[in-house]
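Hi everyone, thanks for making time. I'd like to walk you through one structure, so have a look at it while I talk.

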Amino acid sequence: MGNQVGKGANRMAIAAMSNVTHIEKRELAALLAKFKEVAGRHGNPTMINRTEFSEALAIVGINQNDADILDRLFTMYDKTGDDQITYKDFVVGIAPLISGTHVEKIDFSFRLFDTDGTGYLKGTEMLNVLSQMNRVASYFGDPVMSEEQIANVVEDVLDMAGGGADGMATTLHYAEYVKIIADHPMVNTFVTGGGTVQYGQSR
């Protein structure tokens, strides 16, 4: 396993990403818990700054090579340049860094986002999780999906689940739909490196 960002552009980033780090499920779950703890110290419990971020990485025991990659991803997530990120979006975005199939990575991302452990996510939340994963995957060099394509995937799943007047506000027991999402034609195109958007392009 190496740690070079951008290797393997002929493979799908969500699968290849685990080859550039040594991060596993238990470390990501520990990071999420630590981020939540440090964020709770101040007024905005959804955000952490770079100092808190580095502190959490050290406490969880993330090795230096992986910490360097995560620090660069922190910079990507710092949209306003004020050295703060929404930690939950960051954690679900980097979930594909774990080893496993793309089905397992999507499932794990949903579980990380579901911090209350309810087993349910709204369509908007599922959309956000997939968007974060897509965003981080794009950083590793492979073509990915557009935001519109991701929305189409979630809308198709909601329709399959019976839709409802609430649209994206509809809540689903996500474990029942992870395989359906993973098998969606658009997701499969992404998985095989056939995405339509490159890192840095507008979505």
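**Helices and salt bridges**

Let's start with helix H6, where the buried residues are His 102, Lys 105, Ile 106, Asp 107, Phe 108, Ser 109, Phe 110, Leu 112 and Phe 113. Before I go on, keep in mind that this is a predicted model. So how enclosed is H6 by the rest of the structure? Nine of its twelve residues are buried, which means that H6 is largely enclosed.

We can check the length of H6 too. The helix runs over residues 102-113, and at 1.5 Å a residue those twelve residues should span 16 Å. The C-alpha atoms at its ends are 17 Å apart, which agrees.

Helix H5, residues 87-94, gets a similar reading: seven of its eight residues are buried, so H5 is largely enclosed by the rest of the structure. The buried ones are Tyr 87, Asp 89, Phe 90, Val 91, Val 92, Gly 93 and Ile 94.

Okay, on to charges. Side chains of opposite charge can pair when their charged atoms come close. How many salt bridges does a search of the whole structure find? The search finds six, and I'll show you some of them.

Back in H6, Asp 107 forms a salt bridge with Arg 111, and their closest N and O atoms are 2.7 Å apart. These two sit four residues apart in the helix, so about one helical turn separates them. Here's the general idea: an α-helix has 3.6 residues a turn, so residues three or four places apart point the same way. Asp 107 is buried, whereas Arg 111 is partly exposed, at 44% relative accessibility.

Helix H9, residues 178-183, has a pair with that kind of spacing: Asp 183 and Lys 179 are four residues apart, so about one helical turn lies between them. They form a salt bridge, with the closest N and O atoms 2.7 Å apart. Asp 183 is partly exposed at 40% relative accessibility, and Lys 179 is partly exposed as well, at 48%.

Now, which residue does Arg 50 form a salt bridge with? Its partner is Asp 71, and the closest N and O atoms are 2.8 Å apart. This pair links distant parts of the chain: Arg 50 is in helix H3 (residues 50-60) and Asp 71 is in helix H4 (residues 64-77), 21 residues apart. Asp 71 is partly exposed, with a relative accessible area of 29%. There's a third member to mention, too: Arg 50, Asp 71 and Asp 83 are linked in a network of salt bridges.

That's my tour, thanks for listening!

Technical notes. Residues numbered from 1 in each chain as written. Predicted model: local features only at pLDDT ≥ 70, side-chain atom pairs only at ≥ 80, totals over all residues. Heavy atoms only, no water. Expected span 1.5 Å × (residues − 1). Buried < 20%, exposed > 50% of the residue type's maximum accessible area, 1.4 Å probe, protein only. Salt bridge = Lys/Arg side-chain N within 4 Å of Asp/Glu carboxyl O.
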